[in-house]
Amino acid sequence: MALLIRNGEIVTVGARVQADVYVENETITRIGRDLQVPPNAEIIDATGKLVFPGFIDPHVHIYLPFMATFAKDTHETGSIAALIGGTTTYIEMACPNRNDDALEGYQLWKSKADGKSACDYAFHMSVTKFVKETESQLREIVADGTASFKIFLAYKNFFGVDDGEMYQTLELAKRLGVIVTAHCENAELVARLQQKLLAEGKTGPEWHEPSRPESVEAEGTGRFATFLETTGATGYVVHLSCEKALHAALEARLRGVKIHVESVLPHLLLDKSYAERPGVEGMKHVMSPPLRAKQNQAVLWKALALGSIDTVGTDHCPFDTEQKLLGKNSFVNIPNGIPGIEDRINLLYTHGVKRGRIDLDRLVDAASTRAAELFGLFPRKGTIAVGSDADLVVYDTSYRGVVCAKSQHVNNDYNGFEGMEIEGRPSIVTVRGKVQVRDGKFIGERGLGKMLKREPAHF
Ligand code: URP
Ligand code: ZN
Ligand code: ZN
């Protein structure tokens, strides 16, 4: 099937041109002005609209057994929500815990997505322990096309690894050429602070942030950087939330450590006062690292504008009101996570580009191109070029709306960004040339998404 997207303003990193994009058999085959196409080609008029490469969310949780419950989305609901928001590829954290077998876990995560996702997807494989069989299992997983790992320095006794396991994972990753993503918080300090606060009768969601202060994240980030330096591996700090941790990462980068940084939508737009709201309203805004003091946001936006923060993901992780109430007697039992997969691009465009915090070039880079480059998807994904997959977002900058849980497609009964203004939305979203979304509605093929196989590149 052939598709012509006519006369839009194509935005890629370093270039903006008015042109047509022609797609045959899932791939972009021509870009130019006034392209002549066969009469049976589907034609979409993009006059007055922006045309972006399909956006990539490098950090989502879809299937996630965590904190005595399960995140709410399936690949069916999560991928449709992603597509409506302009995300055409996501990378899910495959997260077996310490008691699970890694290879069985990997197969389980794959089986949850297989034939279900409406957008393309890949996995970061979590390494949650390092035992005799770990090396051979990870080699098998990398050979299967999953060329990135995830480690958690937090979540002691569940996902968390100790320093020895972190060293072994990074040392193997260096040999395999695999990038390692990391949740950087000091697990021991979090556990001690949680006990101390609870002993003082401090049980509400407002105590979540004080139990994992900025220094605890900065320590984790600095330690991860030191281990990267020692092993020579390439690392990627996920959901970096505050100035102190940013300093730790950038200071390491300055001395030559191969360290990349992701921030996520909640830390850019929400601050700790949301988690300080009484009762379940506060619980809805509990994630880790926690929402921070507001002054951190300006620092994160600045670093994002400069490209010092590489990417913006969501850490999409939906738990509904009832699940959040598991922590009504103690903040340590509130399932951690804030969803955002559907709103990332519209909120970044509105509160980033339109408010003058980042330019369009950075939007495309941080929300698509750089993730593709770091995670072995470029140039198949992350750009608009002849030969690339025809994942395209025709973006209507005249749309006006507000974020609203009632109309969302994410499987959840609230939205952490409720009421925020939106000044733009995708009018057309394609996955490999197939129109999956038109004017905010999913009109495409469920189960169209493929698992993307990636080669190691970080030697
Ligand atoms: O609070 C969060 N971030 N929940 C999901 C698990 C994780 O740490 O990424
Ligand atoms: Zn995390
Ligand atoms: Zn996460």
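**Notebook: ligand 1 and the two zinc ions**

I started with where ligand 1 is, and found it in the largest cavity. Note to self: this is a predicted model.

**Entry: the shell.** I listed what surrounds ligand 1. The histidines there are His-59, His-61, His-183 and His-239. Also around ligand 1 are Phe-66, Tyr-155, Met-287, Ser-288, Asp-315, Cys-317, Asn-336 and Gly-337. I sorted these shell residues by type and got four nonpolar, seven polar and one charged.

**Entry: polar contacts.** Which side chains have an N or O atom by an oxygen of ligand 1? I found Tyr-155, with a distance of 2.7 Å, and His-183, at 3.1 Å. On the backbone side, I found a polar atom of Asn-336 at 3.1 Å from a nitrogen atom of ligand 1. Then I checked how much of ligand 1 is covered. On its own it exposes 260 Å², and the protein buries 100% of that.

**Entry: zinc, ligand 3.** Which residues coordinate this zinc ion? I got His-59 and His-61, each through NE2, plus Asp-315 through OD, with distances of 2.0 to 2.1 Å. Along the chain, the donors of ligand 3 are spaced as H-x1-H-x253-D. I looked at the geometry too: the four donor atoms make angles of 87 to 141°, and the site comes out as irregular. His-59, His-61 and Asp-315 are also on my list for the shell of ligand 1.

**Entry: zinc, ligand 2.** For this zinc ion I found His-183 bonding through ND1 and His-239 through NE2, at 2.1 Å. Why is the arrangement irregular? It is irregular because the four donor atoms around ligand 2 subtend angles of 56 to 150°, while a tetrahedral call needs all angles between 85 and 135 degrees.

**Entry: zinc to zinc.** I asked how far apart the two zinc ions are. Ligand 3 and ligand 2 are separated by 3.7 Å.

**Entry: His-183 again.** I keep coming back to this residue. His-183 coordinates the zinc ion (ligand 2) through ND1, and its side chain also has an N or O atom 3.1 Å from an oxygen atom of ligand 1.

Note on methods
Residues numbered from 1 in each chain as written. Chains lettered and ligands numbered in written order. Predicted model: local features only at pLDDT ≥ 70, side-chain atom pairs only at ≥ 80, totals over all residues. Heavy atoms only, no water. Near = heavy atom within 4 Å. Polar contact = N/O pair within 3.5 Å; in protein donor to acceptor, adjacent residues only side chain to side chain. Areas by Shrake-Rupley, 256 points an atom, 1.4 Å probe, with all protein chains shown as cover. 1 Å grid on protein atoms, 1.4 Å probe; cavity = no way out; pocket = protein on both sides within 12 Å on 5 of 7 lines; lining within 4 Å. Sits in = over half its atoms within 2 Å of the grid points. Nonpolar A, V, L, I, M, F, W, Y, C, P; charged D, E, K, R; others polar. Donors = N, O, S within 2.8 Å, 3.2 Å for Na, K, Ca; no water. Tetrahedral: all angles 85-135°; square planar, octahedral: opposite > 155°, others 65-115°.
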